[in-house]
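Let's take a walk through this structure together. Have a look at the picture first, and then we'll go through it step by step.

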Amino acid sequence: MRTWAGIAGLLLASVAGGLLFGVVYSSHDGLLMGAYMLVCGGSVVATVEVLKRQRGRARSLARQLATGVAVSVGLTTVGVGVIALLMFVSPHDGLVMAVLLIFAGALGAYAVAALSRGPLDDLRVVRDGLRAVGEGRRTVRLETGAQDELAELAEAARRMVDQLAQGESERDAADRGRRDLVAAVSHDLRTPLTSLRLLSEAIESDLVDAETRRDYVEQMSLHIRSLSALVEDLFELSRLEAGDIHWSLQRVALDELVCETVEAMRAQADLKRINVATAVPADLARAWADPERLQRVLFNLIQNAIRHTPADGSVTVMAEPNGTGVEVEVADTGEGLGDQDRDRAFEPFYRGGNGGARSRGGSGLGLAICRAIVEAHGGRIWFADAPSGTRVRFSLPAA
Ligand SMILES: Nc1ncnc2c1ncn2[C@@H]1O[C@H](COP(=O)(O)OP(=O)(O)OP(=O)(O)O)[C@@H](O)[C@H]1O
Ligand SMILES: [Mg+2]
């Protein structure tokens with residue numbers, strides 16, 4: 001309670017007490033009662049004020065409460081004793097008053113001690129829990145015994161610890177991801193760089209004839225092309241993940257875009273004698289997308305399909321409406337994906353299959369880039385169930 005409220009309450013009580021005794025008994029009794037309440041109450045308020053000021057040095061809440069009760073009861077008892085003397089109360093009546101006062105004080109002290117035990121226990125629970133959190137534990141029980149403000153404090157602390165733990169685990173996962181990425185990038189850079197170094201050393205030494213030299217130069221330009229593609233893909237993925245890309249969203253006619261992309265890849269498919277077909281209705285709703293990036297998604301998916309489909313197989317690109325937007329699918333009649341590959345294929349640098357499948361080029365960034373692009377459009381990408389081969393589907397919002 002505020003000091004001024006205490007003083008105002010005391011003044012009111014003293015005037016009321018004085019008036020009551022003045023009216024019922026005599027003005028002498030009224031004055032005596034008013035003065036007693038003022039002096040006794042004033043000493044209690046003043047002492048409590050002093051105790052409040054010293055709170056900064058207090059070490060125990062229980063001791064602060066006990067001191068407050070002891071001071072109030074002690075001062076009241078002294079005041080009543082003085083009044084008893086002034087009123088010439090008989091020793092018998094004085095003793096009765098003293099015993100009653102001490103008894104009332106003891107009951108007050110008992111009540112404070114008993115009622116403060118629960119809140120103090122709750123406070124200790126919160127204190128010990130937060131100490132454990134400070135020492136690194138993240139699973140602490142902050143159970144309190146009531147529904148009061150201390151329970152709210154414990155609940156707030158619990159939420160804080162949960163958020164802390166979640167933030168830490170997200171940070172750990174991001175750190176792990178970064179470390180894995182750096183390891184994968186270094187590995188993928190090291191292999192072609194080592195080949196380049198060996199080839200250039202061989203060319204520099206005069207040990208190889210002109211034809212071998214030409215062959216080595218060709219190999220070098222192949223390595224340089226794959227290194228450039230890797231660096232470009234990495235750059236694209238990091239920009240996509242950082243949201244550092246300008247999207248030029250517009251109405252896209254999927255039938256035209258799909259045909260254009262398929263035609264651009266037809267030569268590659270023909271080389272493997274793979275038939276590429278499209279099935280996109282001309283009246284399909286327009287998609288709301290960035291055409292260049294969308295083409296990149298189709299390109300990556302069709303390239304994967306061609307890469308993983310044996311000669312004389314086929315690849316089909318189709319699109320259809322799906323309630324709120326459109327869905328596009330690239331299906332092939334290739335080897336398909338195992339369960340483990342399906343779960344991880346969208347991770348950067350993940351290359352599935354056995355060593356043989358891995359050696360077919362590719363850095364494992366294609367599907368990660370597709371996912372980042374599709375999700376930036378507000379869609380999603382997944383492997384649909386297929387009895388054989390692979391079906392990759394993605395959704396896009398309609399314009
Ligand atoms: N159509 C598919 N059929 C079978 N497996 C596939 C198919 N598409 C993807 N995968 C598997 O998923 C893995 C990841 O594909 P992703 O496109 O991300 O990488 P990549 O094709 O190996 O390399 P990049 O696309 O960077 O050239 C592939 O290595 C392959 O194992
Ligand atoms: Mg790929």
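**Around ligand 1**

Start at R307, where a polar side-chain atom sits 2.8 Å from an oxygen atom of ligand 1. Keep in mind as you look that this is a predicted model. N304 does something similar: an N or O atom in its side chain is 2.8 Å from an oxygen atom of ligand 1. With L367 it's the backbone that takes part, as a backbone N or O atom there lies 2.8 Å from an oxygen atom of the ligand.

How much of ligand 1 does the protein bury? On its own, ligand 1 exposes 590 Å², and the protein buries 94% of that.

Now step back to the whole shell. There are 18 residues surrounding ligand 1, and the closest are N304, R307, D332, G364 and L367. Two elements, α8 (291-307) and α11, each give two or more residues to this shell. Of these, α8 supplies the largest share, with 3 residues. Sorted by class, the shell holds 9 polar, 6 nonpolar and 3 charged residues.

**Over to a pocket**

Next, look for the second largest pocket, which has a volume of about 510 Å³. It's lined by 21 residues, and those closest to its centre are L181, E347, P348, F349 and Y350. Which elements give two or more residues to this lining? They are α5 (149-204), α6 (210-242) and α11 (366-376). You've met α11 already, since it also gives residues to the shell around ligand 1. The top contributor to the pocket lining, though, is α5, with 6 residues.

By class, the lining of this pocket has 10 nonpolar, 9 charged and 2 polar residues.

**The domains**

Finally, zoom out to the chain. Its domain assignment gives domain 1 (2-134), domain 2 (167-242) and domain 3 (250-397). That helps place the second largest pocket: its lining draws at least three residues from each of domain 2 and domain 3. As for domain 1, its centre and the centre of domain 2 are separated by 82 Å, taken over C-alpha atoms.

Conventions: Residues are numbered from 1 along each chain as its sequence is written. Chains are lettered from A and ligands numbered from 1 in the order in which they are written. This is a predicted model: local features need pLDDT of at least 70, side-chain atom pairs count only at pLDDT 80 or more; totals for chains, interfaces and linings use all residues. Side-chain values use heavy atoms; hydrogens and water are left out. On a 1 Å grid over the protein atoms alone, a cavity is a set of points where a 1.4 Å probe fits but cannot get out, and a pocket is an open set with protein on both sides within 12 Å along at least five of seven lines; lining residues have an atom within 4 Å of a point. Grid points are joined across faces, edges and corners, and a volume is the space filled by probe spheres set on the points. Helices (H or I, at least four residues) and strands (E, at least two) are DSSP runs, numbered from the N terminus. Ala, Val, Leu, Ile, Met, Phe, Trp, Tyr, Cys and Pro count as nonpolar, Asp, Glu, Lys and Arg as charged, and the others, Gly among them, as polar. Domain bounds come from an automatic or database domain assignment. A residue is near a molecule or strand if one of its heavy atoms lies within 4 Å of it. A polar contact is a pair of N or O atoms within 3.5 Å; within protein, one must be able to donate a hydrogen and the other to accept it, and residues adjacent in sequence count only if both atoms are side-chain atoms. Accessible areas come from the Shrake-Rupley method with a 1.4 Å probe; for residues, only the protein chains shown count as cover.
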